[in-house]
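Work through the following exercises with the sequence and the coordinates side by side. Each task is followed by a solution that proceeds step by step.

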Amino acid sequence: MPPSLPLPIQLVWLIPLYGFGGMALSLPWAAGWFKRNGPRPAAYLNLLVTLLAVMHGSWILRQVWQYGPQHLEFTWFQVADLNLRIGFDLSLTNLAALELVTGMSLLGQVYALGYLDKEWSLARFYALVGFFEGALAGVVLSSSLFMSYFLLEMLTLSTYLLVGFWYAQPLVVTAARDAFLTKRVGDVLLLMGMVALSAWAGSTEFQDLYVWAAEADASGALSPLAGTLLGLGLIAGPMGKCAQFPMHLWLDEAMEGPNPASILRNSVVVTAGALVLMKVMPLLRFSPLATTVLLVVGTISAVAGALVAIAQVDIKRAFSYSTTSYLGLVFIAIALQQPAIALLLLFTHGLAKALIFMSVGSIIATTSCQDLTELGGLGSRMPATTTAYLVGSAGLVGLLPLGCFWCFGLLVQSFAQQQPFFAAVCLLTNGLTAFNLTRVYRHVFLGPPMPKTKRAPEVNWLMALPMVSLTVLVALIPALMARFDPLPGIGAIPWTVAAAVAASGLVGMAGGAVAPLNKFWSSSMIQPLRVLQDLLASDFYTDRIYRATIVAAVAGLARLTDWLDRSLVNGLVNGIGRLTLASAEGFKLGVSGQLQTYVLTVMVAIVLLLTSLQWWQG
């Protein structure tokens, strides 16, 4: 580590520790050691350390802007030839992602103070959020595949604990278990790829791996089969974290957890998973199949996620599938070597989706309902929530001049010449998302008030403050993009592309505005339309297909193993035991009880043994 670097950069290792420190500070209240003053001090301590993380990260961002990207390493274990290091890559991209993580964590924690105001285990929630934040910050800054994997495992554990926060509810326990096990599938495959890389390259630092990959590609040191398996293993982990097909069901089930955790999960967790994919992309040069898989998975997730979202009646699930859809577009951009556009889409989507989930949480907190068929007429009763939803929706679809308009324009512009199919996927996803957002807006904010919304007030200031702040930030994204302009020509999108993006969004809005809504018959009375609606609402029956194939196969294998264990293994052992007892009973009948007979038998046996050994040696 160069000693001339400013002190904030040298202390960058503190940033992940802020989150873990907040967790440690919350434990006395979470464990019930302090019972007289309630759990709120734990929340205040977490807010303080998260604020320190935001300030420290912004200070480092300013220093890196001045000094350029930096790489820091700290040796934490060294013995013989084993040297384990913790590395940090301080680039503008990583630090911008870090500010997104810590900033959204800060806003989410303030929001949670109002949302979970009467929650008896508030301290436990803030301890879990601190754990969550520390793991995310480490993933973003890590320069090592090993540390990234280790922190992703911590992220998986924190997701399990946050989803299962209300563990007294059976559905919550099932959702937490499914989320944990689904992500473990991708994590195990990523572990296999990491172990193979560490054996071949002798290092898990990304820069060392890039050098090794270039040399191995030039020399042909890696066989096609090994390269293909390596690439598939490396992309499996990010696929699970980003809820991509076929490991996408966990994000929908994770909506059973508290809404403040859903804000972070749908904005920054998926961003961290996509960043890991960007870091391993240079290692996929050995596996064209892995790139093809990314394109196929991204396309299916983008289109199918947007289609499934429009058939949901649960307001949180309607937007969780939208997250899967947008991350599918990110996967397509990464696979087609457009990382800058993918990053821009990650940031703009993360901010807009967090704002939408804040407005959704306000609706749930006020009405204690998240069923679209039981909501309505909230537009005049909750002006701040309505404004937040409209600004978040405009920032999420390709409507000029907000953020995602430029993202979709750049995607379509880059794909239109060489990959027109993927340009069409982007436009279709934009249109379907606009349809879904308009449909939900009509259900929730327009129309006559329903019994659960007649006396719905605006949310308290602890929820309104972060929601209004994020509303302003999302509205200012175009100005921020013009200020930094990470992409050349961002303001020079051809008018034909801009018109196509705007038209797809407007067509989606028009469709959502004229589609018939019937709160009493959420399913259509027309049989073919009902079949299609049920197909989309059930996510193409993916869970049933899994139960009939993978789950049934694993259960059958388990039953076969159980039968083999009981019938063969236990049967063999029991048979030997019965044979031994029967032999003993037979020998017992031939025993005379005279000691001299036993001694003579032993002596004869010894003589025979020695004679045979002497003969063998001779």
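**Exercise 1.** Among contacts in the protein between residues at least 6 apart in sequence, what percentage join residues at least 24 apart?

*Solution.* Begin by noting that this is a predicted model, with 23 helices and 2 strands in the protein. Taking the contacts between residues at least 6 apart in sequence, one finds that 80% of them link residues at least 24 apart. As for the overall extent, the C-alpha atoms fill a box of roughly 110 × 65 × 60 Å along the principal axes.

**Exercise 2.** Determine which residues touch the most other members of the largest nonpolar core, and which helix gives the most to this core.

*Solution.* First, of the 618 residues of the protein, 51% count as buried. Next, the largest nonpolar core holds 173 residues, of which Leu90 and Met104 touch the most other members. Helix 14 (residues 339-367) gives the most to this core, contributing 17 residues. Finally, once neighbours within four places in sequence are set aside, the contacts of Met104 include Ile263, Leu264, Leu351, Ala354 and Leu470, as well as Glu99 and Ser267.

**Exercise 3.** Is helix 16 mostly covered or mostly uncovered?

*Solution.* Helix 16 spans residues 403-416, and its 14 residues reach 20 Å from the first C-alpha to the last, close to the 20 Å expected. Applying the cut-off of under 20% relative accessible area for buried residues, one counts 11 of the 14 as buried, so that helix 16 is mostly covered. Among them are Trp406, Phe408, Leu411 and Phe415.

Methods
Residues are numbered from 1 along each chain as its sequence is written. This is a predicted model: local features need pLDDT of at least 70, side-chain atom pairs count only at pLDDT 80 or more; totals for chains, interfaces and linings use all residues. Side-chain values use heavy atoms; hydrogens and water are left out. A nonpolar core is a set of buried Ala, Val, Leu, Ile, Met, Phe, Trp, Tyr and Cys residues joined through side-chain atoms within 4.5 Å. Buried means under 20% relative accessible area, exposed over 50%, partly exposed in between (1.4 Å probe, protein chains only). Helices (H or I, at least four residues) and strands (E, at least two) are DSSP runs, numbered from the N terminus. Contact means heavy atoms within 4.5 Å. The expected span of a helix is 1.5 Å times one less than its number of residues.
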